[in-house]
Amino acid sequence: MSVKAIAINCSLKRSSAEASSTDAMIRLLGTELGKHDVTLGETIRIADHDVRPGVTSDEGSGDAWPDLRRRILDHDILILGTPIWLGQMSSLAKRVLERMDAFLSETDENGRTPSFGKVAVAAIVGNEDGAHATSAGLFQALNDVGWTIPASASNYWVGEAMQKTDFKDLPNVPDAVRQGAAMLASNAAHLAKLLKQERYLGVDQAK
């Protein structure tokens, strides 16, 4: 069964800037997903696009979100990658979630949002604490708008507090991080394949 994944990198850096640790974590997850016949098609760097603030699916002329939204929903698994700043997900990750709020008013006849039957996981990096809080915020918001969250759906690395080492600069991926990526990929691929075979039923909105 063909399963496709897409990643969103919510680093505050544009792709023309220095390398991103968030990209490094996304690549690790993409490699592990590939072992389960899941293809990571592309990684979207949000900082490269003019994603306007708002809670609709189209905020007017020049808004990049409508095209990004289409590309995201054309896949079965979403990897949402974010660095930790001030103990929280990045402002760009929050903006992506805010734009997905529109899903709640875009349901079908059975009350299913556009992301129903699709799986979301998180790739988190940082030089400070906050991975658990960031996962909690991401997953609550993603689940609210219809994404399905598998077991062990967050893989993260946080460096020693107040130090300068970045994930991308590590000589080797720590065993715990690699094992976490493997478990995330196995669970996400399994769940995505099940949901492709049998969609959520939803409820009849006419009743």
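How much space lies in the largest pocket? Okay, so before I answer, keep in mind that this is a predicted model. The number is about 370 Å³ for that largest pocket. There are 21 residues lining the pocket, and the ones closest to its centre are Lys 13, Pro 83, Trp 85, Asn 127 and Asp 166.

So where does the lining come from? Three elements each give two or more residues to it: α1, which is 21–34, β3, which is 77–85, and β5, which is 119–126. Of the elements, β3 gives the most, with three residues. If you like to think by class, the lining has eight nonpolar, seven polar and six charged residues.

Now, stay with α1 for a minute, since that helix also packs against α5, residues 175–197. Their axes are 8 Å apart, and the angle is about 55 degrees. That's over 35 but under 65, so we call α1 and α5 oblique to each other. As for handedness, α1 passes α5 in a right-handed crossing.

And who's touching whom? On the α1 side you've got Met 25, Leu 28, Leu 29, Glu 32 and Leu 33, and they meet Val 177, Arg 178, Ala 181, Ala 182, Leu 184, Ala 185 and Ala 188 in α5. By class, that contact comes out as 10 nonpolar, two charged and no polar residues.

Key: Residues are numbered from 1 along each chain as its sequence is written. This is a predicted model: local features need pLDDT of at least 70, side-chain atom pairs count only at pLDDT 80 or more; totals for chains, interfaces and linings use all residues. Side-chain values use heavy atoms; hydrogens and water are left out. On a 1 Å grid over the protein atoms alone, a cavity is a set of points where a 1.4 Å probe fits but cannot get out, and a pocket is an open set with protein on both sides within 12 Å along at least five of seven lines; lining residues have an atom within 4 Å of a point. Grid points are joined across faces, edges and corners, and a volume is the space filled by probe spheres set on the points. Helices (H or I, at least four residues) and strands (E, at least two) are DSSP runs, numbered from the N terminus. Ala, Val, Leu, Ile, Met, Phe, Trp, Tyr, Cys and Pro count as nonpolar, Asp, Glu, Lys and Arg as charged, and the others, Gly among them, as polar. Axes are lines fitted to C-alpha atoms, for helices over the stretch in contact, and angles run from 0 to 180 degrees between N-to-C directions. Angles under 35 degrees count as roughly parallel, over 145 as roughly antiparallel, 65 to 115 as roughly perpendicular and the rest as oblique. A crossing is left-handed if the near helix is turned anticlockwise from the far one by less than a right angle, and right-handed if clockwise. Contact means heavy atoms within 4.5 Å.
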